[in-house]
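Subject: Structure handover

Hi,

Here is the structure I promised to pass on to you. My notes on what turned up in it follow below.

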Amino acid sequence: MVSLIVPNGTRHECAAIATNISLKGAFLICDRRITPGLKIDMSLVLPPEITRAESKRVCCETKVLRVSQHWQEGHFGAAVEFEQYRLP
C-alpha cells in the first residue's frame, strides 16, 4: 500500500497499490485519477528485492509520467518516476 499526497490547490491524500517497483519508478493503481506531469509526495515500503537488504519505508518525490484511462472499475493506473528519496 502506498500513501500519496496530491497537490490540488489544497493537498489531498489518496491510497494506491504499487506494482512493478524499481529504483527509478513504479506503476501505481490509484483510487483516483491523477494528472500526468504532476509532482506528488509518496510514502511506501520498498521490498528486500529492491533494497538488497531488509524492507525499508521511504518517502519519495515523484513525477507522474502517464496515466491509463481506466485500469479497473473505479481505479486508474499511473506510471511514476522517483525524483528524490528520503528516509523518515
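To start with a small one: in which loop is N20 found? N20 sits in the loop between β2 and β3, where strands (E, at least two residues) and helices (H or I, at least four) are DSSP runs numbered from the N terminus.

Before the rest, some housekeeping. This is a predicted model, in which local features need pLDDT of at least 70 and side-chain atom pairs count only at pLDDT 80 or more, while totals for chains, interfaces and linings use all residues. Residues are numbered from 1 along each chain as its sequence is written, and side-chain values use heavy atoms, with hydrogens and water left out.

**Overall layout**

The protein chain has one helix and six strands. Read from the N terminus, the order of its elements is β-β-β-β-α-β-β. Of its 88 residues, 34% are buried; buried means under 20% relative accessible area, exposed means over 50%, and partly exposed is in between (1.4 Å probe, protein chains only). The accessible surface is about 5,500 Å², and carbon and sulfur atoms hold 53% of that; these areas come from the Shrake-Rupley method with a 1.4 Å probe, and for residues only the protein chains shown count as cover. Among contacts (heavy atoms within 4.5 Å) with a separation of 6 or more, 50% are between residues 24 or more positions apart.

**Backbone in the loops**

Back to N20: its phi is near 50°, a positive value in a residue other than glycine. N20 is also exposed, at a relative accessible area of 68%. R52 likewise has a positive phi without being glycine, in this case near 60°. R52 lies in the loop between α1 (48-51) and β5, and with a relative accessible area of 78% R52 is exposed.

**The nonpolar core**

A nonpolar core here is a set of buried Ala, Val, Leu, Ile, Met, Phe, Trp, Tyr and Cys residues joined through side-chain atoms within 4.5 Å. The largest one has 21 residues, and L4, L28, I34 and M42 touch the most other members. At least two residues of this core come from each of β1 (2-8), β2 (10-19), β3 (25-30), β4, β5 and β6. As background, nonpolar side chains tend to be buried together in soluble globular proteins.

M42 is a good place to centre your view. Beyond its neighbours within four places in sequence, M42 contacts V2, S3, L4, L28, V58, C59, C60, T62, V80 and F82. One of these partners, T62, is in strand β5 and is buried, with a relative accessible area of 1%. With residues up to four places away not counted, T62 in turn touches L38, K39, I40, M42, V80, E81, F82 and E83.

**Salt bridges**

How many salt bridges does the count come to? The answer is three, taking a salt bridge as a side-chain nitrogen of Lys or Arg within 4 Å of a carboxyl oxygen of Asp or Glu.

- E83 and K39, both also contacts of T62, pair at 2.9 Å, N to O. This pair links distant parts of the chain, with E83 in strand β6 (residues 76-86) and K39 in strand β4 (residues 39-46), 44 residues apart. E83 is partly exposed at 39% relative accessibility, and K39 is partly exposed at 46%.
- E61 and R86 pair at 3.2 Å, N to O. They too link distant parts of the chain: E61 is in strand β5 (residues 56-67) and R86 in strand β6, 25 residues apart. Both count as partly exposed, E61 at 31% and R86 at 34%.
- K56 and E54 have their closest N and O atoms 3.4 Å apart. K56 is partly exposed, with a relative accessible area of 35%.

**Cysteines and G74**

There are zero disulfides, a disulfide being a pair of cysteine sulfur atoms within 2.5 Å. For C59, the nearest cysteine sulfur is that of C60, 7.2 Å away. C30 is buried, with a relative accessible area of 0%.

C30 also has a partner from far along the sequence. G74, in the loop between β5 and β6, touches C30 and D31, leaving out residues up to four places away. G74 and C30 are 44 residues apart in sequence and 8.8 Å apart in space, C-alpha to C-alpha. Unlike buried C30, G74 is partly exposed at 46% relative accessibility.

Happy exploring, and all the best!
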